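Good morning, and thank you for coming. Please look at the structure as it appears, and I shall take you through it part by part.

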Amino acid sequence: MLRARLRYSITSALTSSLLVFATPAVLAEAVSSKADATALLVADLAEDENVEDVEHSEPRRGSAQARAQAETTSEQSSPQESPVEAPEAASKPREIAPNIDLKEVAPLPEPEPEPEASDSGDSAAQPEPQAETQSGTADAVGSNTPASPDDVAEKEPEPAAPVPAESFTLLGKEILPGTATRLAWSPGIQIAGLSQITPVLVVNGVNQGPTLCLTGAVHGDELNGIEIVRRSMYDLNPEKLSGRVIGVPIVNLTGFQQGSRYLPDRRDLNRHFPGTPDGTLADRVAYSLFNNVIRHCDMLVDIHTGSLKRTNLPQLRADMNNPDVAEFTRGFDRMAVVHSSGSPGMLRTAATEAGIRTVTLEAGESLRIQEHQIEAGVNSLNSLMEKHGMISRMFVWGDPEPVYYDSTWIRAQHGGILFSEIKLGATVSEGEVLGYVADPITNEQHPIRASSDGRVIGMAVDQVVMAGFAAYHIGTEAQVPGE
Ligand SMILES: [Zn+2]
């Protein structure tokens, strides 16, 4: 069973990553000496804080949306009882309901499915009946085009009678309504005979609704997202689902197998979307995923963790200047939302530009499986699906609504060993000592202080750092235009 296998491979990846864990944190850090003398950079954060991407942020534009949200956010509780605290773990049994069975693999698509340029060009890949096809109400034709406007109704899921779904075609395969299957995506970059496929899980609900996509391990060493996708998808029942969920638990499969964040060419896949068909390896992988899978999504949650021994509170990164995205963030229960317009090449940026409502979900640190972070992620995805009328579970929403943050990175000014005095999630005041860097040779101690009041939404774990290392990520509740 997939579940068992996943569990196995995660374990083995962890083991192997211990062996391979020569990840050049230092190397990457060395590049990041952009820090100016003030040491405080306002970070319009890039996912994973590839630190060289930390840049100055422009203040958010006030949009009607933002204002509307602000009204609800403004009366929020203080950060210490913020939404990110543990969702009560025990409310749900630990067992992941095996409502769907994804052990059958659809055969590989024809060599490289033509990118979705022409909708009708499916002639090569004839849809084969899926193994799980229960009672085949073969309503065969409904191949939905990427991001087609036929799902616009999802914004307000009307409580009226659900409309039966149609089958749809992904990666050259037809998926009937009310069924789940497992498809194979191959970016076609390997030696053909050794080509390795990347599993794509699909649950096509019995009723119409939006298409939600979940991507994990775009950085191969970020494991929490893999588990978040697994739990979210295996808990779905296609007979009760309105819409579709497409999950790619491990996008960067080669990185995953090597415990590496990067692609085999040492490039960061999350800087190459939407990709090009004739560019670098990363461009091609990005292009293939984007056109064969991502363009079919109405909504996308790209799941990441902190990088380079940094950890994050569960949080969304979202471009709050985009009204559709801003509204989208309201569907996630108990999540802090950090405004970030995103860097070019990010999956989030490219998908948003393609009209797909997209956020990045950050949860914990790389190379670890963290139960608390995973639960928070699964909880928020369940709330999202409930909010969009995809599932109905009597979901109990957490008390505080999302808190919106602008954020700032605080960097180490000296090389040495970082010791933190505060914990992730702590509420801090301007000037407060967050930690210090100790010089192991001279015994000098260099305190690192908070640049403003706020909450520690991300931080480095104790480690050796060099000057310029982004050590603490401070979220300040967003000032609301017009308030
Ligand atoms: Zn990442």
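I begin with a single residue, Thr329, which is buried because 24 other C-beta atoms lie within 10 Å of its own, and 20 or more suffice for that label. Please bear in mind that what you see is a predicted model. Thr329 has its place in helix H7, which covers residues 323-329. Ten residues away along the chain is Asp319, and the C-alpha atoms of Thr329 and Asp319 are separated by 9.6 Å.

From that helix we may turn to the strands with which it forms a unit. Which elements make the β-α-β unit, and is the unit right-handed or left-handed? Strand E10, helix H7 and strand E11 make it, and the unit is right-handed. E10 takes in residues 315-318 and E11 residues 336-339; the two pair in the parallel sense over four bridges. Within that pairing, Gln315 stands opposite Ala336 of E11.

E10 also pairs with strand E12, residues 357-365, and here the two run antiparallel, joined by three bridges. Leu316 has Leu361 in E12 as its bridge partner. As for the side chains of E10, Gln315 and Arg317 point one way, while Leu316 and Ala318 point the other way. The residues on both sides, Gln315 and Arg317 as well as Leu316 and Ala318, are buried.

Let me add one general remark on pairing. Strands of a sheet pair through backbone hydrogen bonds, and the sense may be parallel or antiparallel.

The next element is strand E18, residues 454-460. How many of its seven residues are buried? The count is seven of seven, and the strand is thus described as mostly covered. E18 pairs with strand E9, residues 310-312, in the antiparallel sense over three bridges. In that pairing, Met459 of E18 is the bridge partner of Thr311. Strand E15, residues 427-428, also runs antiparallel to E18, and two bridges join them. There, Thr427 has Arg455 of E18 as its partner. Strand E20, residues 470-477, pairs with E18 as well, again antiparallel, over four bridges. Here Gly458 stands opposite His473 in E20.

There is also an open sheet of four strands, with the order E17-E16-E14-E19 and antiparallel pairing. Its edge strands are E17, residues 445-449, and E19, residues 464-465, each of which pairs on one side only. E16, residues 433-438, is joined to E17 in the antiparallel sense over five bridges. One of the partnerships is that of Ala438 with Gln445 in E17.

I now come to three helices. Helix H4 spans residues 224-234 and is mostly covered, with eleven of its eleven residues buried. Among them are Asn224, Ile226, Arg230 and Tyr234.

Helix H6 runs over residues 281-292. Why does its length agree with expectation? At 1.5 Å a residue, its twelve residues should span 16 Å, and its end C-alpha atoms are 16 Å apart, so the two values agree. The buried residues of H6 include Ala282, Tyr287, Leu289 and Phe290. What covers the buried residues of H6 includes strand E4, residues 179-185, and helix H8, residues 347-353.

Helix H9, residues 371-387, has 17 residues and reaches 24 Å from its first C-alpha to its last, close to the 24 Å expected. Of those 17 residues 13 are buried, so H9 is largely enclosed by the rest of the structure. Just after H9 comes Gly389, which takes a positive phi of about 70°.

I turn last to the chain as a whole. The protein chain has nine helices and 20 strands. It numbers 483 residues, of which 50% count as buried. Among its contacts between residues at least 6 apart in sequence, 73% join residues at least 24 apart.

How confident is the predictor, and where is the pLDDT under 50? The mean pLDDT of the chain is 76, and 65% of its residues reach 70 or more. Over residues 1-59, however, pLDDT stays under 50, and the model has 90 contacts beyond four places in sequence for this stretch. Residues 63-98 are likewise below 50 in pLDDT, and that stretch has 65 contacts in the model beyond near neighbours in sequence.

That brings me to the end of the presentation, and I thank you for your attention.

Technical notes
Residues are numbered from 1 along each chain as its sequence is written. This is a predicted model: local features need pLDDT of at least 70, side-chain atom pairs count only at pLDDT 80 or more; totals for chains, interfaces and linings use all residues. Two strands pair if DSSP finds at least two bridges between them. A residue is buried if 20 or more other C-beta atoms lie within 10 Å of its own, exposed if 12 or fewer, and partly exposed in between; C-beta atoms are placed from the backbone. A crossover is right-handed if, with the strands pointing away from the viewer, the path from the first strand over the helix to the second runs clockwise. The expected span of a helix is 1.5 Å times one less than its number of residues. Two residues are in contact if their C-beta atoms, placed from the backbone, lie within 7 Å. pLDDT is the predictor's confidence in each residue, from 0 to 100.
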